[in-house]
Amino acid sequence: MSDRRVEVIGPGRLGADDHKIWREIRAASGAPANPFLDPVFTSAVGLVRPRAEVAVLREDGVPVGYFPYERGFAGQGRAIGLGVSDSQGAVLRDGVRPDARALLRACALSSWEFDNLESGQDVFLPHTAEVLASPVVDLDEGFEHYARGLRAGSPGFLKQTLAKERRLARQAGEVRFEYDEADPGALRTLMRWKSAQYRRTGRRDRFAQEWITRLVELLARGEDPGCRGVLSVLYAGDRPVAAHFGLRSPTVLSWWFPAYDPAYGRYSPGLLLLLRMLEAAAAEGIEAVDLGSGPARYKESFKTRDLRVYEGAAVVPGPGGAVHRLRREPVRAARRFVRDRPRLARTAARALAELGRVRDR
């Protein structure tokens, strides 16, 4: 009988061998190579979130799984980078399937919350509260193949988008696109635009949270081809008008922080940026662009399919689990109530936007 144990370590203790084994397990599982479930992302979060941890599952001393998480009050756990991570779960070798609550007990956790659990996470799927759609753009057959499908499915959309690009060039100067911009000033501009967008729409400004700003800056400087940041910028007359910062693995690019200069809003610069980014990403070997689970009309126009992702929490019976339920379940129920009623959701969005305008006065 094999000896199975769980060792809890800080992400900073993950060595080169751990990175290699982690990626080998991921590749063998057949799961999409989403960069948010790469050890580089976990290690980066560990540098800005001191309570980040990794449970290493060992069989006869050999790692057979990794479970990254963050520890909170009363042993309440959360997915690593919760709030900005678009793919979550445990990385487990085929045939290794621990009981979710037993794994949490081994980590001294009373609960583990997730909001973008990846499909195929059999250990945690039974603890799902919500099933969400995450639009994806498939590029494995090349950009031209994708563009033909886009023209066939939405001929007016693509025609209008390209017409806006020509209008932008005529009225603001030559349009230029940089897929992998190295200028740190462009990243600061993007974060400034995104902060303003959050405030304008009445939502919490993620870049007002120091750990998120530091995390993005860390990943922007990274050079590991298995997981690194990519800053894409659309220029008009040498002035940036739209930008996006995302994470990529060798085959998957995650759409993460897009924003644009509102002064150029009539040209739909965000759509132009995404279209050019898809073309450049395909040329760089990207096979899929994950647009994330947040609702947006433009995602429906660009996508080729939807992935399923899951929201919920595994909870261990006891006082800590009760604290989690009291804290999170009313919030989740309220969000579900609004999300299931489109008219109410639109009203809530308008109210948030008005609140944002009041804050900016």
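R248 is buried, with a relative accessible area of 7%. In this predicted model, the side chain of R248 meets that of E284 in a salt bridge, at 3.8 Å from N to O. The pair links distant parts of the chain, since R248 belongs to strand β10 whereas E284 sits in the loop between α8 and β12 (288-290), 36 residues away. Unlike its buried partner, E284 is partly exposed, with a relative accessible area of 45%.

Side chains of opposite charge can pair when their charged atoms come close. The structure holds 21 salt bridges, and two further examples may be examined here. The side chains of E7 and R13 meet in one of them, at 3.3 Å from N to O. E7 counts as partly exposed because its relative accessibility is 27%, and R13 counts as exposed because its relative accessibility is 55%, above the cut-off of 50%. The side chains of R176 and E178 form another salt bridge, with 3.1 Å between N and O. R176 is partly exposed, having a relative accessible area of 30%, and E178 is also partly exposed, at 29%.

Not every charged residue discussed here belongs to such a pair. K159, R166, R167 and R170 form a positive surface patch. Of these residues, R166 lies in helix α5, which covers residues 155-172. At 49% relative accessibility, R166 counts as partly exposed, because the class of exposed residues begins only over 50%.

From the surface, the description now turns to the interior. The largest nonpolar core contains 33 residues, and those touching the most other members are V137, L139, Y146, Y179, L278, V289 and F302. Several elements give two or more residues to this core: α4 (143-153), α5, β9 (228-236), β10 (239-248), β11 (252-260) and α8 (269-283). The largest share, 10 residues, comes from α8. Two of these names have appeared above: α5 is the helix that holds R166, and β10 is the strand that holds R248.

A last stop concerns a loop. Where does V316 lie? V316 is found in the loop between β13 (305-315) and α10 (319-339). Is V316 buried or exposed? V316 counts as buried because its relative accessibility is 9%, which is under the limit of 20%. The C-alpha atom of V316 is separated by 8.9 Å from that of A100, although the two residues are 216 residues apart along the chain.

How values were computed: Residues are numbered from 1 along each chain as its sequence is written. This is a predicted model: local features need pLDDT of at least 70, side-chain atom pairs count only at pLDDT 80 or more; totals for chains, interfaces and linings use all residues. Side-chain values use heavy atoms; hydrogens and water are left out. Patches are made of residues with over 30% relative accessible area and no salt bridge: like charges are joined within 9 Å, nonpolar side chains (Val, Leu, Ile, Met, Phe, Trp, Tyr) within 5 Å. Accessible areas come from the Shrake-Rupley method with a 1.4 Å probe; for residues, only the protein chains shown count as cover. A salt bridge is a side-chain nitrogen of Lys or Arg within 4 Å of a carboxyl oxygen of Asp or Glu. Lys and Arg count as positive and Asp and Glu as negative; His and the chain ends are not counted. The place of a charge is taken as NZ of Lys, CZ of Arg, CG of Asp or CD of Glu. Helices (H or I, at least four residues) and strands (E, at least two) are DSSP runs, numbered from the N terminus. Buried means under 20% relative accessible area, exposed over 50%, partly exposed in between (1.4 Å probe, protein chains only). A nonpolar core is a set of buried Ala, Val, Leu, Ile, Met, Phe, Trp, Tyr and Cys residues joined through side-chain atoms within 4.5 Å.
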